[in-house]
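Subject: A structure for you to look at

Dear colleague,

I am passing on a structure that I would like you to open beside this message. Please look through it at your own pace, and then read the notes that follow.

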Amino acid sequence: MPDPASDQAIVGATPTWVSFTLLGSVVAILGCNWPLLALGLEEISPLWLASMRLLGATVLIFIVAGATGNIHPPRRADRAVILSVAFGRLIIVMVLVFIALQLVPPGRSSVLVWTSSLWTVPMAGTFLGERMTRQRWVGLAAGVAGIVVLVEPWHAPAEAGAWVGYGLLLTAAVAQAATAVHVRAHRWVSSPIELLPWQLLVASVPLTAFTVAREGLPTVDWSPWLVGIVIYQGALATAFATWAQLTVLRRLPAVTTNLTLMMVPVVGLLASAAVVGEQLTLQAGVATVLIGGGVLTGVGLRRQSEEPQLEIPYLR
């Protein structure tokens, strides 16, 4: 994956402590975003909140890219990955998760969506020819066990429609994993940061057009806190968090980045308990440990010759 020389110069000049500060900020921003999403969805429909988030991030990223002279037309060879990320990782995943958040508590949702890292393992084995080692099978089994513990199929769900929500979240995780495998297989011409504005544009325009056609213009009872949530979505949870992760990946080892980002669902659980009063149960804790351990075993602990896949949680 090529990086422009100017990018390398910037990265090389970035102190390590700045990279870790950026990474910690991403964990806090994305983790705390889960209860904020749940609150925002009480006033704004899933389609409109997703559209507002993507539109805000698109405008901000284009302004920054234009100010720094980094807007370049995408190369033909990169168009497939632009479409894949825009529709697979942004539109489909975001809309599915936002709908599910109306049915499942935000803390549990953050844990289930993070299972996308698990599904990349068998997909990469099938489509990229990566070997399914015993370690990876153990990691996948532990993650699936965590999902079972979290969903508790032996009990009737407390909330109506919870099973539908669980299904939507797992579908979103699989869709994100499929996009990640495609991204890994892609032969990059431009760098990910150069393609980020175009991925956001290709996602935001059709989603907004579809939302207007389906729901009309939004009728929202705006308040200062709701405006703040919408700004948080576009500016921090999407634009800043994505830029920061791409920047940190070029400075810190991918394993370090991946393992640190595994704290996002933990922060999501704690923030959801503090902000919206979600109950922290023993099952949720055990499930988080099993899923985190599965990701760590199957994805995080790879041989030095392999490059771990970064899961960028655009919508979390």
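Leaving aside its neighbours within four places in sequence, which residues is Arg108 in contact with? Before turning to that, please keep in mind that this is a predicted model, and that every value below was computed from it.

Once neighbours within four places in sequence are left aside, the contacts of Arg108 are Leu150, Glu152, Tyr166, Leu269, Glu278 and Thr281. Arg108 itself is placed in helix α5, which covers residues 106-113, and it counts as buried because its relative accessibility is 12%, where buried means under 20%.

Two of these partners deserve a closer look. Glu152 sits in the loop between α7 (134-151) and α8, and with a relative accessibility of 13% it also counts as buried. Its backbone is worth checking on the screen, since Glu152 has a positive phi of about 55° although it is not a glycine. As background, most residues other than glycine have a negative phi.

The other partner is Tyr166, which is buried at 9% relative accessibility. Tyr166 also belongs to one of the 3 aromatic pairs counted in the model. The rings of Trp163 and Tyr166 have their centres 5.8 Å apart and their planes at 75°, so this pair is edge-to-face. Trp163 and Tyr166 are 3 residues apart in helix α8 (residues 162-185), which means that about one helical turn separates them. Trp163, with a relative accessibility of 38%, counts as partly exposed.

What links Phe62 in helix α3 with Trp198 in helix α9? These two residues form another of the 3 aromatic pairs, and here the ring centres of Phe62 and Trp198 are 5.4 Å apart with the planes at 90°, so the pair is edge-to-face. This pair links distant parts of the chain, as Phe62 and Trp198 are 136 residues apart.

The helices that carry this pair can also be described as a whole. In general, two packed helices are described by the angle between their axes and the distance between the axes. For helix α3 (residues 46-67) and helix α9 (residues 192-215), the axes come within 8 Å and cross at roughly 145°, and the crossing is left-handed. Sorted by class, the residues in the contact of α3 with α9 are 18 nonpolar, 5 polar and 2 charged.

Helix α3 also holds Pro46, which is buried, with a relative accessible area of 11%. The C-alpha atoms of Pro46 and Val95 are separated by 6.3 Å, although the two residues are 49 residues apart along the chain. Apart from neighbours within four places in sequence, Pro46 is in contact with Leu41, Phe98, Ile99 and Gln102.

Finally, here is the overall picture. The secondary structure of the protein chain comes to 13 helices and 0 strands. Of the 316 residues in the protein chain, 52% are buried, and the chain exposes about 13,700 Å², with carbon and sulfur atoms supplying 68% of that area. Among the contacts with a separation of 6 or more, 90% are between residues 24 or more positions apart.

With best wishes

Conventions. Residues are numbered from 1 along each chain as its sequence is written. This is a predicted model: local features need pLDDT of at least 70, side-chain atom pairs count only at pLDDT 80 or more; totals for chains, interfaces and linings use all residues. Side-chain values use heavy atoms; hydrogens and water are left out. Axes are lines fitted to C-alpha atoms, for helices over the stretch in contact, and angles run from 0 to 180 degrees between N-to-C directions. Helices (H or I, at least four residues) and strands (E, at least two) are DSSP runs, numbered from the N terminus. A crossing is left-handed if the near helix is turned anticlockwise from the far one by less than a right angle, and right-handed if clockwise. Ala, Val, Leu, Ile, Met, Phe, Trp, Tyr, Cys and Pro count as nonpolar, Asp, Glu, Lys and Arg as charged, and the others, Gly among them, as polar. Buried means under 20% relative accessible area, exposed over 50%, partly exposed in between (1.4 Å probe, protein chains only). Contact means heavy atoms within 4.5 Å. Accessible areas come from the Shrake-Rupley method with a 1.4 Å probe; for residues, only the protein chains shown count as cover. Rings of Phe, Tyr and Trp (its six-membered ring) pair if their centres lie within 6.5 Å; planes under 30 degrees apart count as stacked, over 60 as edge-to-face and the rest as tilted.
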